[in-house]
Amino acid sequence: MKKNKTTNRDVVLSIATSLFLTKGYHTTSMDEIVAVSNVSKTNIYYYFKSKEELLSAILDQLVRTYNELIFEVVSRKDQSVQERLETLLQLLTQQETDYLGGCPFITLYTQMPQDIPLFREKVSRFFQSQITTVEALLNEGMESLEIRTELPARSTAEFIVSAIEGALFLQHAGQDPGILVNLKMTLAFLLK
């Protein structure tokens, strides 16, 4: 069986992602990425023509990774909707505590160049997809009577995703893990 070899592109993506999320996009230079990754500047620019192109690749990778994880959770038909929602909530709230904004998408969004609409669109599409996924789970739960049937599925899904993202930011800003614990209990109460 053939092993997947880590390429210089993979190394640069990993290092740049870590630096952008913990130090910030604007404060991380391409020279710093070169120094930390031990990949030559020429090699980095072979894969990524600019810092913006590198950020775009990082966003694509984050979206792909999260979408795969979310799909894996919601497709577990052997679990109840409540169990899948709890697992999904756990997945979305398990963030690195040193990300500047608490969540990788909030961190990158607040620092990305605002004159490049493609970046905002990528983040927006990711969250809209997340909302649609939660809405589908809620509808499934309402059909099986696991979840309160009078809840408006779309706006409840929007509320859940917004609450998660807000709680991640508040937890990070206040260094208070109790915020996420309270969020999980409140959402469980809301849905029953």
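What follows is a walk through the fold, packing, pocket and a few individual residues of a predicted model.

The overall picture is all helix: the protein chain has nine helices and zero strands. Read from the N terminus, the order of elements is α-α-α-α-α-α-α-α-α. The C-alpha trace of the protein chain spans about 60 × 45 × 30 Å along its principal axes. Of the 192 residues of the protein chain, 43% count as buried. As for how the contacts are spread along the sequence, take those in the protein chain between residues at least 6 apart: 64% of them join residues at least 24 apart.

One helix pair can be looked at closely. Helix α1 (residues 8–22) and helix α4 (residues 51–74) have axes that come within 10 Å and cross at roughly 90 degrees. That crossing makes α1 roughly perpendicular to α4. On the α1 side, the residues that take part are Arg9, Val12, Leu13, Ala16, Thr17 and Phe20; on the α4 side, their partners are Lys51, Leu54, Leu55, Ala57, Ile58 and Gln61. Sorted by type, the residues of this contact of α1 with α4 come out as eight nonpolar, two polar and two charged.

Next comes a helix with little exposure. In helix α6 (residues 104–111), six of the eight residues are buried, so α6 is largely enclosed by the rest of the structure. The buried residues of α6 are Pro104, Phe105, Ile106, Thr107, Leu108 and Gln111. What covers them includes α1, α4, α7 and α8, and the first two of these are also the helices that cross at roughly 90 degrees. Thr107, one of the buried residues of α6, can also be set against a residue in another helix, Gln128. Gln128 sits in helix α7 and is partly exposed, with a relative accessible area of 37%. Along the chain, Gln128 and Thr107 are 21 residues apart, and their C-alpha atoms are separated by 18 Å.

Now for empty space. Rolling a probe the size of a water molecule over the atoms shows where such space is left. The second largest pocket has a volume of about 160 Å³. Its lining is made up of 13 residues, and Leu85, Glu86, Leu89, Leu187 and Leu191 are the ones that lie nearest the centre of the pocket. Three helices, α5 (81–93), α8 (153–174) and α9 (178–191), each supply at least two residues of the lining of the second largest pocket. Among the contributors to this lining, α5 gives the most, with six residues. By type, the lining of the second largest pocket divides into 10 nonpolar residues, one polar and two charged.

Two residues stand out by their backbone angles. Most residues other than glycine have a negative phi. Asn38, although not a glycine, has a positive phi of about 60 degrees. Asn38 belongs to the loop between α2 (30–37) and α3 (41–47), and it is exposed, with a relative accessible area of 70%. Leu145 is likewise not a glycine, yet it has a positive phi of about 65 degrees. Leu145 lies in the loop between α7 (117–143) and α8. Despite its nonpolar side chain, Leu145 is exposed, with a relative accessible area of 67%.

The chain end and one more loop round things off. Lys192 is in the segment after α9 and is exposed, with a relative accessible area of 65%. Setting aside neighbours within four places in sequence, Lys192 is in contact with Gln82 and Arg148. With Gln82, the separation is 110 residues in sequence but 9.0 Å in space, C-alpha to C-alpha. Arg76, for its part, is placed in the loop between α4 and α5. Arg76 is partly exposed, with a relative accessible area of 24%. Not counting residues up to four places away in sequence, Arg76 touches Arg84 and Thr87.

Terms used
Residues numbered from 1 in each chain as written. Predicted model: local features only at pLDDT ≥ 70, side-chain atom pairs only at ≥ 80, totals over all residues. Heavy atoms only, no water. Axes fitted to C-alpha atoms, helices over the stretch in contact; angles between N-to-C directions. Helix = DSSP H or I, 4+ residues; strand = E, 2+ residues; numbered from the N terminus. Parallel < 35°, antiparallel > 145°, perpendicular 65-115°, else oblique. Contact = heavy atoms within 4.5 Å. 1 Å grid on protein atoms, 1.4 Å probe; cavity = no way out; pocket = protein on both sides within 12 Å on 5 of 7 lines; lining within 4 Å. Points joined across faces, edges and corners; volume = space filled by probe spheres on them. Buried < 20%, exposed > 50% of the residue type's maximum accessible area, 1.4 Å probe, protein only.
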